[in-house]
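Biologist: I have the model open on my screen and would love a close look at one part of the strand pairing. Could you walk me through it slowly, and then show me what lies around it?

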Number of protein chains: 2
Amino acid sequence: MNEFEFIEHIRPKTYHQPSLLYGVGDDAAVYQFHQEATVTAVDTFVENIHFRKDTMSATDIGYRALAANVSDIAAMGAEPVFYLASIVVPNTWSSEDIKDIFSGLAELATQYRMDLIGGDTVSGKELVLSITVIGKVDATRLRYRQHAKAGDVVFVTGTLGDSQAGLHVLLKELPETHPTFKDLIKKHQRPVPQVQFAQQLGIISRMALNDVSDGIANEAYELATSSQVDIHIYDETIPTHPLLHHFTKEQIEKWKYFGGEDFELLGTVSQKEWPMVQRVATSCNVQVTEIGKVTEVSKQQPTVRVLKEDEWTTLQQLGYTHLK
Amino acid sequence: MNEFEFIEHIRPKTYHQPSLLYGVGDDAAVYQFHQEATVTAVDTFVENIHFRKDTMSATDIGYRALAANVSDIAAMGAEPVFYLASIVVPNTWSSEDIKDIFSGLAELATQYRMDLIGGDTVSGKELVLSITVIGKVDATRLRYRQHAKAGDVVFVTGTLGDSQAGLHVLLKELPETHPTFKDLIKKHQRPVPQVQFAQQLGIISRMALNDVSDGIANEAYELATSSQVDIHIYDETIPTHPLLHHFTKEQIEKWKYFGGEDFELLGTVSQKEWPMVQRVATSCNVQVTEIGKVTEVSKQQPTVRVLKEDEWTTLQQLGYTHLK
């Protein structure tokens with residue numbers, strides 16, 4: 001199968017979005033939103049850095065890559081509509097593997113009626129998947145990181161650290177078929193971006209949102225720095241999956257603050273509107289937990305502090321960084 | 001330099017485009033066009049496949065990658081406005097090299113007042129640069145490949161095969177400092193996408209356009225197939241650089257049909273509007289040459305035929321393909 005045959009294979013036969021004027025098959029795709037602003041982001045995934053063939057199927061790799069990107073769109077309060085997928089294929093991956101990656105992308109995309117509108121397929125030494133995602137949003141409903149204000153409630157969806165715990169189970173070959181660990185593994189291989197919840201929060205007047213891709217320590221610092229505020233987190237309120245009790249205190253601590261890749265949402269909202277957020281969460285069947293508050297900056301620069309066993313400590317903005 | 005410091009380094013200090021609501025620094029960039037449609041494409045470049053460190057500086061690599069993408073936008077008749085740059089960095093490349101790649105991107109971007117609005121930086125085994133480019137266009141002025149009609153004039157801008165000749169000079173270490181080869185080398189390292197010319201053709205009512213990224217054989221087939229027409233090319237009219245006479249007949253033949261990466265435009269337009277295209281070319285100081293005509297399909301499927309020394313032959317759609 002050469003590049004042209006492959007492109008013909010993955011080219012969508014039909015499209016969902018009425019705003020699309022032309023999809024795959026010309027020099028560029030064309031679309032037009034009439035009312036909404038466009039949001040766009042790109043994320044790149046490299047074999048053995050972001051995923052491993054022994055812990056994820058090719059379909060999962062595609063599914064998760066798009067989920068990570070869609071999560072960025074959700075964190076802007078926007079609706080995901082299009083994506084472009086660029087892939088570098090080494091000769092150790094078969095045509096079937098690559099088709100499976102695109103099946104995984106398509107599987108997630110179908111849930112949101114997203115259309116694949118472009119991409120590139122080239123050969124190389126290691127598998128690299130680069131996804132550009134495009135969403136739309138009423139410009140007055142954008143959820144910028146800089147929207148946090150002193151007095152806000154800090155909340156998070158779902159539970160934290162699951163994805164890293166799932167990866168640990170897979171890598172250590174703990175009994176993954178044991179029903180108890182399935183939830184954690186699923187969270188690692190098939191995370192659910194919080195699109196519906198973020199969309200329904202459109203009724204809230206002001207809100208800061210960040211998706212938990214690098215761990216809440218990093219995400220909380222991003223909110224604090226962008227908004228020039230401090231963030232206080234109450235350690236014991238951070239929601240974790242009941243299954244995390246199977247692991248050590250150190251592991252739980254590491255995963256919940258620095259684990260990342262849970263693709264939950266970390267947000268801040270006024271105390272007045274917090275009950276509304278809780279009602280929306282209930283209607284979407286999403287767990288939402290108050291884990292702290294926003295305060296004025298107390299030192300020279302914005303910091304994130306954690307209250308644990310009656311002691312305040314400054315949280316480090318660790319998380320995974322590239323390039324050293 | 002870690003990932004966060006690097007992002008801070010490449011983050012634009014100012015932006016040019018008034019349609020941009022938010023650039024680099026949140027989960028996604030945000031922009032809003034009010035009248036125009038959006039065009040978008042992605043292209044990925046891999047070390048030793050698309051470029052080599054011994055034939056191009058890091059700055060050239062960035063410059064050329066964005067030029068290739070901008071060329072796609074030009075071929076849609078659109079104006080390039082934004083780009084996102086995702087890079088996989090192996091440890092054999094220094095921070096300075098990577099900064100230079102981004103300088104090259106910025107150098108080309110500045111010419112068109114394009115803004116860098118997003119990206120991703122990750123580590124890996126080989127350098128991969130993936131660029132997403134975004135343009136805008138009045139939807140009635142889109143230049144689709146399917147717009148060719150029987151009776152049209154087929155034209156091309158500039159000269160063909162220069163980029164491959166330039167690469168040959170660099171690889172064979174022919175006297176590149178000799179002033180005579182400088183034009184060819186420049187065409188390889190710093191191609192000029194035909195943005196201004198394509199923009200000014202907005203006055204033409206209908207036109208099919210393709211940029212010459214894979215050689216005109218491939219581009220002509222794409223126009224023919226999309227439009228369901230045949231294309232006839234007169235070999236002796238294909239414009240080549242005078243310096244190509246330094247090479248063999250076989251090299252010239254190969255480079256002008258299959259060389260690619262010249263980023264010129266191949267188009268078709270009605271005979272009635274062809275003089276207008278010539279006038280626009282003159283005003284933009286762009287060479288434009290009539291090289292053939294569009295006819296009805298004569299066999300079962302669209303074909304491209306070449307008239308050479310009084311003989312017609314069917315051109316093969318070769319060009320470079322990945323994935324074999």
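Modeller: Happily! Two strands count as paired if DSSP finds at least two bridges between them, and the strands themselves are DSSP runs of E, at least two residues long, numbered from the N terminus. Please keep in mind that this is a predicted model.

With that in hand, let us start at β12(B). Strand β9 of chain B, residues 230-234, is joined to β12(B) by four bridges, and these two strands run parallel. If you click on Ile231(B), you will find its bridge partner in β12(B), Val304(B).

β12(B) is also joined to β13(B), again by four bridges, but here the strands run antiparallel. A pair to look for is Lys308(B), whose bridge partner in β13(B) is Glu311(B). So which two strands make the hairpin, and what sits in the turn? The hairpin is formed by β12(B) and β13(B), with two residues between them, and Glu309(B) in the turn has a positive phi of about 45°. In terms of segments, Glu309(B) belongs to the loop between β12 (304-308) and β13 (311-314) of chain B.

Why pause at that angle? Most residues other than glycine have a negative phi. Glu309(B) is not a glycine, yet its phi is positive, near 45°. Chain B offers another case in Arg113(B), which is not a glycine either and has a positive phi of about 55°. You will see Arg113(B) in the loop that runs between α3 (95-111) and β5 (115-123) of chain B.

Now turn to the hairpin in chain A. Strand β12 (residues 304-308) and strand β13 (residues 311-314) of chain A run antiparallel and are joined by four bridges. Val306(A) has Thr313(A) as its bridge partner in β13(A). There are two residues between the strands of this hairpin too, and Glu309(A) takes a positive phi near 45°.

How do the copies relate? A turn of 180° with a shift of 0.0 Å along the axis lays chain A on chain B with an RMSD of 0.0 Å. That relation is the one of a two-fold axis. Both copies use the same surface, since 100% of the contact residues of chain A recur in chain B.

Let us follow that surface. In all, 67 residues of chain A are in contact with 67 residues of chain B. The area buried between the two chains is about 5400 Å², and carbon and sulfur atoms give 55% of it. There are 22 residue pairs in polar contact across this interface, both residues of each pair being at pLDDT 80 or more. Strand β3 of chain A, residues 37-46, gives the most to the side that touches chain B, with nine residues. Sorted by class, that side of chain A has 32 nonpolar, 21 polar and 14 charged residues.

As for charges, four salt bridges are counted between chain A and chain B. One salt bridge brings together the side chains of Asp26(B) and Arg145(A), at 3.6 Å from N to O.

Strand pairing also crosses from chain to chain. Strand β2 (residues 29-31) of chain A and strand β3 (residues 37-46) of chain B run antiparallel, joined by three bridges. To spot this on your screen, look for Ala29(A), which stands opposite Thr40(B) in β3(B).

Definitions and conventions: Residues are numbered from 1 along each chain as its sequence is written. Chains are lettered from A and ligands numbered from 1 in the order in which they are written. This is a predicted model: local features need pLDDT of at least 70, side-chain atom pairs count only at pLDDT 80 or more; totals for chains, interfaces and linings use all residues. Side-chain values use heavy atoms; hydrogens and water are left out. Contact means heavy atoms within 4.5 Å. Buried area is the accessible area (1.4 Å probe) that two parts lose on being put together, summed over both. A polar contact is a pair of N or O atoms within 3.5 Å; within protein, one must be able to donate a hydrogen and the other to accept it, and residues adjacent in sequence count only if both atoms are side-chain atoms. Ala, Val, Leu, Ile, Met, Phe, Trp, Tyr, Cys and Pro count as nonpolar, Asp, Glu, Lys and Arg as charged, and the others, Gly among them, as polar. Copies are superposed by least squares on the C-alpha atoms of residues with pLDDT of at least 70 in both.
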